[in-house]
Amino acid sequence: MVHVSYLPVLVAAVVVFVLGWLWYSPLLFYKPWMRLRGLDPVAAMTGAKMPGGKLVVELARCIILAYVIARFVALLGIGSWLGAVHFGLMVWIGFPVIILTGSVLWENTPWKVAAIHAGDWLVKMLVISIIVTLWH
């Protein structure tokens, strides 16, 4: 049986949840992300409220992602930050990048939108992998 420590999973999930919020905030990629999707960033911010239900679902997604990555890290016996970075990069290339490439090819998602999402996923994969690897 593989042992997963739940506190590092929860901390990693909260960290990437906050980083994801920051990634799509006006401080980083909100304006280009909205424009690339054909929306006016200023109009979208007018009277905008944080959708509570979506935030709860997003936090749950982060927790599940962190748990799954922690299981793989434990199963593979990854024990160093360099191993965690390598693992995070491989998982990022093998899953989000491949899925986003399909969206660009088959769903006409603009490649710049996919690149913004891919950057968010890269941060998530690396941060979670490093936290759950180094915190045992």
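A residue counts as buried under 20% relative accessible area, as exposed over 50%, and as partly exposed in between. By that cut-off, proline 26, at 47% relative accessibility, is partly exposed. The views below show a predicted model.

**View 1. The whole chain, with 6 helices and 0 strands.** From the N terminus on, the order of elements is α-α-α-α-α-α. The C-alpha trace spans about 50 × 30 × 20 Å along its principal axes. Of the 136 residues in the chain, 31% are buried. Among contacts with a separation of 6 or more, 79% are between residues 24 or more positions apart.

**View 2. Helix H1, residues 6–23, and its buried face.** With 18 residues at 1.5 Å each, H1 should span 26 Å, and the 25 Å between its end C-alpha atoms agrees with this. Buried in H1 are Pro8, Val9, Ala12, Ala13, Val16, Gly20 and Trp23. Seen down the axis of H1, these buried residues fall within an arc of 135 degrees, so they line one face of the helix. As background, an α-helix has 3.6 residues a turn, so residues three or four places apart point the same way. The partners of the buried residues of H1 are helix H2 (30–36), helix H4 (52–76) and helix H6 (111–134).

**View 3. The loop between H1 and H2, at proline 26.** Proline 26 sits in this loop. Its relative accessibility is 47%, under the 50% that an exposed residue has to pass, so proline 26 counts as partly exposed. Leucine 55 is 29 residues away from proline 26 in sequence, and their C-alpha atoms are 17 Å apart in space.

**View 4. Helix H4 and its buried residues.** H4 has 25 residues, and the distance from its first C-alpha to its last is 36 Å, close to the 36 Å expected at 1.5 Å a residue. Cys62, Leu65, Ala66, Ile69, Ala70 and Val73 are the buried residues of H4. They pack against H1, H5 and H6. Just after H4 comes glycine 77, with a positive phi of about 70 degrees.

**View 5. The packing of H1 on H4.** In general, two packed helices are described by the angle between their axes and the distance between the axes. For H1 and H4 the angle is about 130 degrees and the axes are 8 Å apart. That makes H1 oblique to H4. The crossing of this pair is right-handed. On the H1 side the contacts come from Tyr6, Val9, Leu10, Ala12, Ala13, Val16 and Phe17. On the H4 side they come from Leu55, Glu58, Leu59, Cys62, Ile63, Ala66, Tyr67 and Ala70. Several of these residues are buried in their own helix, including Val9 and Ala12 in H1 and Cys62 and Ala66 in H4.

**View 6. The packing of H4 on H6.** The axes of H4 and H6 come within 9 Å and cross at roughly 55 degrees. The two helices are therefore oblique to each other. Their crossing is right-handed. H4 contributes Glu58, Arg61, Cys62, Leu65, Ala66, Ile69, Ala70 and Val73 to the contacts. H6 contributes Trp121, Lys124, Met125, Ile128, Ser129, Val132 and Thr133.

**View 7. Threonine 133 in helix H6.** Threonine 133 has a relative accessibility of 2% and therefore counts as buried. Leaving out residues up to four places away in sequence, threonine 133 touches Val73, Ile78, Gly79, Ser80 and Ala84. One of these, Val73, is itself a buried residue of H4.

**View 8. Serine 103 in H5, and asparagine 108 in the loop between H5 and H6.** Serine 103 lies in helix H5, which covers residues 81–107. Its relative accessible area is 13%, so serine 103 is buried. With residues up to four places away in sequence not counted, serine 103 touches Asn108 and Thr109. Asparagine 108 lies in the loop between H5 and H6. At 67% relative accessibility, asparagine 108 counts as exposed. Most residues other than glycine have a negative phi. Asparagine 108, by contrast, has a positive phi, near 60 degrees.

How values were computed
Residues numbered from 1 in each chain as written. Predicted model: local features only at pLDDT ≥ 70, side-chain atom pairs only at ≥ 80, totals over all residues. Heavy atoms only, no water. Helix = DSSP H or I, 4+ residues; strand = E, 2+ residues; numbered from the N terminus. Expected span 1.5 Å × (residues − 1). Buried < 20%, exposed > 50% of the residue type's maximum accessible area, 1.4 Å probe, protein only. Arc of directions from axis to C-beta. Contact = heavy atoms within 4.5 Å. Axes fitted to C-alpha atoms, helices over the stretch in contact; angles between N-to-C directions. Parallel < 35°, antiparallel > 145°, perpendicular 65-115°, else oblique. Left-handed = near helix turned anticlockwise from the far one by under 90°.
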